[in-house]
Amino acid sequence: MSDARSRLAEWFEEFWGEQLPIGDDIDLFERFGIEGDDASGFMDSFAAHFDVDGQDYRSYFHHRDEGTNFGALFFAPPYRRVQRIPITPDMLVKAIETKRWPLTYPPHEVPAVRWDRRVNQFLLVVPVVLLALWLWKRLVS
């Protein structure tokens with residue numbers, strides 16, 4: 001076992017509370033159900049602990065967003081526009097050794113505006129505005 005692999009295994013057990021599985025090509029996010037905010041926290045902690053430049057990391061290739069996304073019924077979020085790529089121990093070891101994210105992603109386009117999120121914002125704001133108007137009418141009249 002390489003030094004980077006040993007350090008990864010030690011960090012993983014401390015961070016996730018379970019032993020790093022044996023095998024370089026195991027999909028860690030799928031195996032441990034790491035999604036959304038947990039996946040973001042995992043990668044942020046990983047990059048900080050091992051001083052890895054995560055500037056080239058594209059989360060939507062590896063996991064979904066957190067929470068319910070009603071807007072995704074109408075507009076595909078980025079993670080549904082690309083083929084999922086697993087996060088493996090081998091990939092993390094390479095990142096530790098090179099101090100940068102080792103993946104080159106396939107060509108893809110991400111829309112400038114996340115219309116799925118805009119729909120969610122609309123679904124949140126409209127009821128609040130309607131409630132405020134109703135209260136205003138009720139209390140002022």
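In the predicted model, R7 and D3 form a salt bridge in which the closest N and O atoms lie 3.8 Å apart. This separation falls inside the cut-off, because a salt bridge requires a side-chain nitrogen of Lys or Arg within 4 Å of a carboxyl oxygen of Asp or Glu. Both residues belong to helix α1 (residues 3-16), where a spacing of 4 residues places R7 and D3 about one helical turn apart. The two partners fall into separate accessibility classes: R7 is partly exposed, at 33% relative accessibility, whereas D3 is exposed, at 55%. The R7 and D3 pair is one of 5 salt bridges in the structure. In general, side chains of opposite charge can pair when their charged atoms come close.

A second salt bridge joins the side chains of D27 and R84, with an N to O distance of 2.6 Å. This pair connects distant parts of the chain, since D27 lies in the loop between α1 and α2 (28-32) and R84 in the loop between α3 (36-50) and α4 (89-98), 57 residues apart. D27 has a relative accessible area of 14% and is therefore buried, while R84, at 34%, is partly exposed.

A further salt bridge is formed by the side chains of D65 and R114, at 2.7 Å from N to O. Here too the pair links distant parts of the chain: D65 is located in the loop between α3 and α4, and R114 in the loop between α4 and α5 (115-140), with their positions 49 residues apart in the count. In this case the acidic partner, D65, is partly exposed, with a relative accessible area of 28%, and R114 is buried, at 17%.

The nonpolar interior was examined next. The largest nonpolar core comprises 32 residues, and those with the most contacts inside it are L8, F29, F46, L92 and W101. Helices α1, α2, α3 and α4 each contribute at least two residues to this core, and α3 provides the largest share, with 6 residues. Such an arrangement can be set beside a general tendency: in soluble globular proteins, nonpolar side chains tend to be buried together.

Among the core residues, F29 was considered in detail. Leaving aside residues up to four places away in sequence, F29 touches I34, A39, F42, M43, Y57, H62, H63, R84 and I87. One of these contacts, R84, is also the salt-bridge partner of D27.

Aromatic pairing forms a further aspect of the model, with 13 aromatic pairs in the structure. W11 and F15 form a stacked pair, with ring centres 5.1 Å apart and an angle of 15° between the planes. Both residues lie in helix α1, 4 residues apart, or about one turn of the helix. W11 is buried, with a relative accessible area of 4%, whereas F15 is partly exposed, at 32%. The pair formed by F46 and F50 is tilted, with 5.2 Å from centre to centre and 50° between the planes. F46 and F50 are both found in helix α3, likewise 4 residues apart and about one turn of the helix, and both are buried. Ring pairs also join W11, F12, F15, W16, F29, F32, F42, F46 and F50 into a cluster. Two members of this cluster, F29 and F46, are listed among the residues with the most contacts inside the largest nonpolar core.

Methods
Residues numbered from 1 in each chain as written. Predicted model: local features only at pLDDT ≥ 70, side-chain atom pairs only at ≥ 80, totals over all residues. Heavy atoms only, no water. Buried < 20%, exposed > 50% of the residue type's maximum accessible area, 1.4 Å probe, protein only. Core = buried A, V, L, I, M, F, W, Y, C linked by side-chain atoms within 4.5 Å. Contact = heavy atoms within 4.5 Å. Phe/Tyr/Trp six-rings, centres within 6.5 Å; stacked < 30°, edge-to-face > 60°.
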